[in-house]
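Biologist: I am new to this structure and would like a close look at a single part of it. Could you take me slowly through the place where the two chains meet, and explain each term as you go?

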2 protein chains.
Amino acid sequence: MSVCAVHSCRGVGVENLVSDISTMVFRSREIRNSGKTVGLVPTMGALHEGHLSLVDIARQRSDFVVVSVYVNPTQFCPGEDFNTYPRNLEDDIYKINARGGDVVFAPDTGSVYPEGYSTFVIVEGLTDNLCGRSRPHHFRGVTTVVAKLFNIVRPHIAVFGQKDAQQLAVIRKMVKDLNYDIEIVAAPIVREKDGLAMSSRNAYLSGEERTQAPVLYQSLLEAKELVLKGEIDAASIKNRVMYVLESAPLAIVEYVEIVEPDTIRPVDTIEDGGLLAIAVRFGKTRLIDNLIIKAG
Amino acid sequence: MSVCAVHSCRGVGVENLVSDISTMVFRSREIRNSGKTVGLVPTMGALHEGHLSLVDIARQRSDFVVVSVYVNPTQFCPGEDFNTYPRNLEDDIYKINARGGDVVFAPDTGSVYPEGYSTFVIVEGLTDNLCGRSRPHHFRGVTTVVAKLFNIVRPHIAVFGQKDAQQLAVIRKMVKDLNYDIEIVAAPIVREKDGLAMSSRNAYLSGEERTQAPVLYQSLLEAKELVLKGEIDAASIKNRVMYVLESAPLAIVEYVEIVEPDTIRPVDTIEDGGLLAIAVRFGKTRLIDNLIIKAG
């Protein structure tokens, strides 16, 4: 299947591209019926090493890997970067093939949300805090498109990045609540050499913003050090993170929160552990990062 | 499997009862993997001949029939009859076995909606009119539980009664929008000899209410006759229906509407056909009925 993975010849693997939903349903059904397991990696394209690490994990844990590439309009709020979000399908296909993905599923918006579309999947509770606060319809768009992808591809496993920790929690909750027979696998955050978490949106950063952006990870590392020294009070840890973030002149902090990783409810101490999650804007670019911290 | 269907021996078919969700997932997966097709008939139990006709249809159109019996709390509004809704699982199992159903899936509420449950499937647009108007959360409960049943049982087909015409339209829309690879089959309304559409709620009717209840079907038949004579104006047809319904002293009309059957949007004429749908209360009992009508 993965011609390009074998020949390393750019652009040849287009036969692995599926853009028609019915074809994807059929292909996936054939694979399952042959007794093979299917792994799904849902992406919005503009693939970087973070995404490709998800493909590696899917590859290791399933027989057949589907990578979806779809910039999902319903998860963007008005005024966000839907129109300017980076798109380069040819490059994505090349990278997916090179990494051993079997199918690139890239449906067009007209087929994903045909005229009169009106069904949505909502996860209440987990979506009010963190990113849900500034992006009210974001998670409804995420859960809806992921439910659709699950129904089309019917994977045995699906791999999501730990970077979008709230998204991961919301997807896990949806899978549990709606009884999807799918194992959700979390993949560790992949970072640039200077610690900046990889993101398709990093491409938006100006030279100076890019120089300051590693402050997100630095703030998390300082929090970790504080915890290693015995600090368990959430407010104190958040204060330290805020202090570090504010040392970067261009950083506009949207939130610094410590929450229970499954419920996304704020915690007062990290005795039982917590998810330290931050969102910071540099100009128009919104970056997120996080770290699981635990006392002792 | 269907021991009782063979031996006609009451109560023996309990081995066909599955109350554990994981067991149902496993059983259904086994059946599919063996190359057989699975048909699902979702019910709230208290089975009558209407439900059993759905089992017959599922039987004809699939290799393995799962009948779910679950009184779904999320589709009842506050003050409705959730607590008093008729329940008789033993009797339901007997009837399903006798009709050739292979599995009765009767999960308990604690497993369907565990503590902290918070995910819902909503279909916008189709649910504002008809029953959705007086039962605002009803369809959200229906679509949520049906999505869950679809994910647990993963049927090839699912059979729903035409009596709940709006429910049928909403389910079809959900299936289309969320890309469920499931064929939805509509089953004709089954009626008592005097024309009353069968319903588990008919059991609530007092003697006098029961005597008057056939007025629903009579009003639909009069509308049909009017249409056969050439009437295409929706308002005139609705007026005639209302006139007939009001001839029954105990009937309290909730709505008489003519809508487009897929979108549930009101129509002015029935030139292109329409769904004539009515809801009438007798005391605390709410009855619905409907008829597809078309000019010419």
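Modeller: What follows is a walk through the interface of chain A and chain B, with a short look afterwards at the domains of chain A.

This is a predicted model, in which local features need pLDDT of at least 70 and side-chain atom pairs count only at pLDDT 80 or more, whereas totals for chains, interfaces and linings use all residues. Residues are numbered from 1 along each chain as its sequence is written, chains are lettered from A and ligands numbered from 1 in the order in which they are written, and side-chain values use heavy atoms, with hydrogens and water left out.

The contact (heavy atoms within 4.5 Å) takes 27 residues from chain A and 27 residues from chain B. The size of an interface is often given as the accessible area lost when the parts come together. Here chain A and chain B bury about 2,600 Å² between them, with 43% of that area on carbon and sulfur atoms; buried area is the accessible area, taken with a 1.4 Å probe, that two parts lose on being put together, summed over both. On the chain A side, R154(A), L178(A) and N179(A) supply 23% of the area buried against chain B, more than any other three residues.

Polar links also cross this interface. Between chain A and chain B, 21 residue pairs are in polar contact, with both residues at pLDDT 80 or more (a pair of N or O atoms within 3.5 Å, where within protein one must be able to donate a hydrogen and the other to accept it, and residues adjacent in sequence count only if both atoms are side-chain atoms). As for the elements involved, α2 (21–33), β5 (119–123), α7 (138–153) and α8 of chain A each give two or more residues to the side that touches chain B, helices (H or I, at least four residues) and strands (E, at least two) being DSSP runs numbered from the N terminus. The largest share of that side, six residues, comes from α7(A). By class, the side of chain A that touches chain B has 13 nonpolar, six polar and eight charged residues, where Ala, Val, Leu, Ile, Met, Phe, Trp, Tyr, Cys and Pro count as nonpolar, Asp, Glu, Lys and Arg as charged, and the others, Gly among them, as polar.

The strands meet here too: five bridges join β5(A) to strand β5 (residues 119–123) of chain B, and the two run antiparallel, strands being paired if DSSP finds at least two bridges between them. Within this pairing, F120(A) has I122(B) as its bridge partner in β5(B).

Side chains of opposite charge can pair when their charged atoms come close. Four salt bridges are found across the interface of chain A and chain B (a side-chain nitrogen of Lys or Arg within 4 Å of a carboxyl oxygen of Asp or Glu). E124(A) and R140(B) meet in a salt bridge at 3.1 Å, N to O. The side chains of D181(A) and R29(B) also form a salt bridge, at 2.7 Å from N to O. D181(A) lies in the loop between α8 and β7 (183–187) of chain A and R29(B) in helix α2 (residues 21–33) of chain B, so this pair joins two chains.

Within chain A, an automatic or database domain assignment gives the bounds of domain 1 (17–187) and domain 2 (200–293). There is one salt bridge between domain 1 and domain 2 of chain A. D81(A) forms a salt bridge with R201(A), with the closest N and O atoms 2.9 Å apart.
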